[in-house]
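Me: Could you take a close look at one part of this structure for me? I would like to see how one helix sits among its neighbours, residue by residue.

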Amino acid sequence: MLTFKNLCKFYQTEEVETVAIDNMDILINKGEFVSVMGPSGCGKSTFLNIVGMLDNPTSGDYTFEDKVVSGLNERDLANIRKQHLGFIFQSFNLIDELSVWDNVELPLIYQNVPASERKSRVKAVLAKVDIAHRSEHMPQQLSGGQQQRVAVARALVSEPALILADEPTGNLDSKNGHDVMTLLQKLNSEGATIVMVTHSEAHAQYSSRIINLLDGKILNDYKVGDTVTNLNTQDIAEEAGCVS
């Protein structure tokens, strides 16, 4: 589904060049649940922004469902995002002035989906994430866990090929974090492809595959449950080429 070849992302100022993604090769298959981990500044957010077509790579190829998207103009990228991607954010990004129902319905309005179909799809997705009983509530009337369920419903209502989750449990307590991860795991078991950025090793274990990044490079890439050699700080630095 997603293929990255020789992917690079540089940020250039007058005085310094920062390497965010350094010659990365990744294949993510349809139906996978991939967690991307690593310390702050390792390239996680940049990688997710490129996957979500919110940022363009400096060089290299990005193929989404057999279509090369690196180099497309903003209008074409926006159309792909609207039709094929669903986003879940750490801060929920719900519109306070809209009800739960209206927040979830909004992407379908942007896609010019007929009203009758919008009604049936919103109703179904709210039931799917167990938040239908709050459909007329406003976001500020909900707990953090409930707001994230609404955000998940909004991501799902367009029936996207890919769900991107950026620290989806970062603002939640442990119970609500567990509930959201269980929901994502269930969605994956039903066929959803998910790429999630997280700092939580415990929450990464809900996925099927973990990619660890360091300084824009892939440190390791393994299936959950596989035996992975534990690397100490010196080993990590040598892997990243920081030690001669």
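Reply: Happy to. Contact here means heavy atoms within 4.5 Å. With that in hand, let's look at helix 5, bearing in mind that this is a predicted model.

Helix 5 covers residues 144-156, and one of its partners is helix 6, residues 174-189. Their axes come within 9 Å and cross at roughly 20°. Angles under 35 degrees count as roughly parallel, and helix 5 and helix 6 are therefore roughly parallel to each other. The crossing in which helix 5 passes helix 6 is right-handed.

Which residues meet where helix 5 and helix 6 touch? From helix 5 come Gly-145, Gln-148, Arg-149, Val-152 and Leu-156, and they meet Asn-176, Asp-179, Val-180, Leu-183 and Leu-187 of helix 6. Sorted by class, this contact holds 5 nonpolar, 3 polar and 2 charged residues. The spacing of such a list has a simple background: an α-helix has 3.6 residues a turn, so residues three or four places apart point the same way.

Arg-149 deserves a pause of its own. This residue of helix 5 has a relative accessibility of 18% and so counts as buried, the cut-off being under 20% relative accessible area. Setting aside residues up to four places away in sequence, Arg-149 touches Val-129, Asp-130 and Ile-131, as well as Asp-179 and Leu-183. Asp-179 and Leu-183 also appear among the helix 6 residues that meet helix 5. For a sense of distance, the C-alpha atom of Arg-149 is separated by 39 Å from that of Glu-17, a residue 132 places away along the chain.

Now for another neighbour of helix 5. Helix 3, residues 100-110, packs with helix 5 at an angle of about 30°, and their axes are 7 Å apart. That angle makes helix 3 roughly parallel to helix 5, and the crossing of this pair is right-handed. On the helix 3 side, Val-100, Asn-103, Val-104 and Pro-107 take part; they meet Val-150, Ala-153 and Arg-154 of helix 5. By class, the contact of helix 3 with helix 5 has 5 nonpolar, 1 polar and 1 charged residues.

The four helix 3 residues named in that contact, Val-100, Asn-103, Val-104 and Pro-107, are buried, and so are Glu-105, Leu-106 and Leu-108. What covers the buried residues of helix 3 includes helix 5 and also helix 4, residues 115-128. Just after helix 3, Asn-112 takes a positive phi of about 60°.

One backbone detail is worth checking on the way from helix 5 to helix 6. Glu-167 is found in the loop between strand 7, residues 162-166, and helix 6. Although Glu-167 is not a glycine, its phi is positive, at about 50°. Is this residue buried or exposed? Glu-167 is buried, with a relative accessible area of 11%.

To draw the picture together: helix 5 is roughly parallel to helix 6, and helix 3 is roughly parallel to helix 5. Gly-145, Gln-148, Arg-149, Val-152 and Leu-156 serve the contact with helix 6, while Val-150, Ala-153 and Arg-154 serve the one with helix 3.

Key. Residues are numbered from 1 along each chain as its sequence is written. This is a predicted model: local features need pLDDT of at least 70, side-chain atom pairs count only at pLDDT 80 or more; totals for chains, interfaces and linings use all residues. Side-chain values use heavy atoms; hydrogens and water are left out. Axes are lines fitted to C-alpha atoms, for helices over the stretch in contact, and angles run from 0 to 180 degrees between N-to-C directions. Helices (H or I, at least four residues) and strands (E, at least two) are DSSP runs, numbered from the N terminus. Angles under 35 degrees count as roughly parallel, over 145 as roughly antiparallel, 65 to 115 as roughly perpendicular and the rest as oblique. A crossing is left-handed if the near helix is turned anticlockwise from the far one by less than a right angle, and right-handed if clockwise. Ala, Val, Leu, Ile, Met, Phe, Trp, Tyr, Cys and Pro count as nonpolar, Asp, Glu, Lys and Arg as charged, and the others, Gly among them, as polar. Buried means under 20% relative accessible area, exposed over 50%, partly exposed in between (1.4 Å probe, protein chains only).
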